[in-house]
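Subject: Handover of a structure

Dear colleague,

Please find below the structure that I am handing over to you. My notes on it follow.

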Amino acid sequence: MLRNPVRIKRLCVVMTAMLMVVLAAFPVFGKEVPDVNRQGSISLTLQDSQSGAYMENGAVTLYQVGEIRVDDGNYSWQLSGAFSGSGLSLENLSSGQLAQELKEYADQKKIEGSTVRIGEKGSVVFENLKPGLYLLAQKETMEDVYAFSPFLVSVPVQDGESWQYEVNATPKVGIIEEISLPDSPDIPVDSHLPQTGQLNWPIPVLAVSGVLFFALGWGLCYAKRKKYHAQ
């Protein structure tokens, strides 16, 4: 048995150092990080939240604006490809202004994305996507449908402690309802409006004037005849 306190102390130090070396050889288990080699997809459903009507015409364009960066168990997004020269910050991914500025940059630089036609029941699917940050914008719009605002979606998205590589999104779509007007609108009419066309008020005036002229003429004739007989 070891009775020398100095030897016991030295042995404890050696064992502690060996334990630290062994622990350092194992990875540190923390939150799960995305698998940069796994592909995913983005599925959209374009439906009016109020009427429930589906948008079944037009097209949607997808742009990859960023790529995922994993560093010592931590991940972040950074601009990539044609968008790396935009100078925009990816700190606030939920900002609608950021998505709009990225869309304006894409239009200015004429960056081409992947365009998919809207299918049955407003469905749009982009498949075989590598992990990254994507911008979605409406390419074509219907005459009676409001275009949805550009928005950002990441592949994958975090769901609690795990990651989802098949992402579903439902952007806000507004469908303009047709307003029907009646064939004969009920328009109130003011009975005191001035009349147009034939005027009826001169008739009694002319009739009275005729009687007066007749009486005057008859009186003149009677006076003339009376003067003649008197001679």
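Does Asn-128 count as buried or exposed? At 61% relative accessibility, Asn-128 counts as exposed, where buried means under 20% relative accessible area, exposed over 50% and partly exposed in between, with a 1.4 Å probe and protein chains only.

Before the remaining findings, a word on conventions. This is a predicted model, in which local features need pLDDT of at least 70, side-chain atom pairs count only at pLDDT 80 or more, and totals for chains, interfaces and linings use all residues. Residues are numbered from 1 along each chain as its sequence is written, and side-chain values use heavy atoms, with hydrogens and water left out.

Backbone features

Asn-128 lies in strand 5; helices (H or I, at least four residues) and strands (E, at least two) are DSSP runs, numbered from the N terminus. The phi of Asn-128 is near 55 degrees, a positive value in a residue other than glycine. Lys-110, not a glycine either, has a positive phi of about 55 degrees. Lys-110 sits in the loop between helix 2 (96–109) and strand 4 (114–117) and is exposed, with a relative accessible area of 72%. In addition, Val-155 and Pro-156 are joined by a cis peptide bond, with omega about 5 degrees. Pro-156 belongs to the loop between strand 8 (151–155) and strand 9 (157–159).

The sheet containing strand 5

Strand 5 is part of an open sheet of three strands, in the order 5-1-11 and with mixed pairing; two strands pair if DSSP finds at least two bridges between them. Strand 5 (123–129) and strand 11 (166–169) stand at the edges with a single partner strand each, so one side of each has no neighbour in the sheet. On average, neighbouring strands of this sheet are turned by 15 degrees against each other, direction ignored; axes are lines fitted to C-alpha atoms, for helices over the stretch in contact, and angles run from 0 to 180 degrees between N-to-C directions.

Strand 1 (residues 40–45) pairs with strand 11 in the parallel sense over four bridges. Within strand 11, Glu-166 is the bridge partner of Ser-41, and Val-167 stands opposite Ile-42. The side chains of strand 11 alternate: Val-167 and Ala-169 point to one face and are buried, whereas Glu-166 and Asn-168 point to the other and are not.

A buried acidic residue

Asp-48 is located in the loop between strand 1 and strand 2 (59–71). Asp-48 is buried yet has no salt bridge, that is, a side-chain nitrogen of Lys or Arg within 4 Å of a carboxyl oxygen of Asp or Glu. The nearest side chain of opposite charge is that of Lys-172, 8.4 Å away. A polar atom of the Asp-48 side chain lies 3.1 Å from the backbone nitrogen of Gln-50.

Aromatic residues

Four aromatic pairs are found in the whole structure; rings of Phe, Tyr and Trp (its six-membered ring) pair if their centres lie within 6.5 Å, and planes under 30 degrees apart count as stacked, over 60 as edge-to-face and the rest as tilted. One of the pairs, Tyr-75 with Trp-163, is edge-to-face, at 5.0 Å centre to centre and 85 degrees between the planes. Tyr-75 lies in strand 3 (residues 74–79) and Trp-163 in strand 10 (residues 162–164), so this pair ties together parts that are 88 residues apart in sequence. Tyr-75 is partly exposed at 25% relative accessibility, while Trp-163 is buried at 7%. Tyr-63, Phe-83 and Tyr-105 form one aromatic cluster.

Yours sincerely

Methods:
Lys, Arg positive; Asp, Glu negative; His and termini not counted. Polar contact = N/O pair within 3.5 Å; in protein donor to acceptor, adjacent residues only side chain to side chain.
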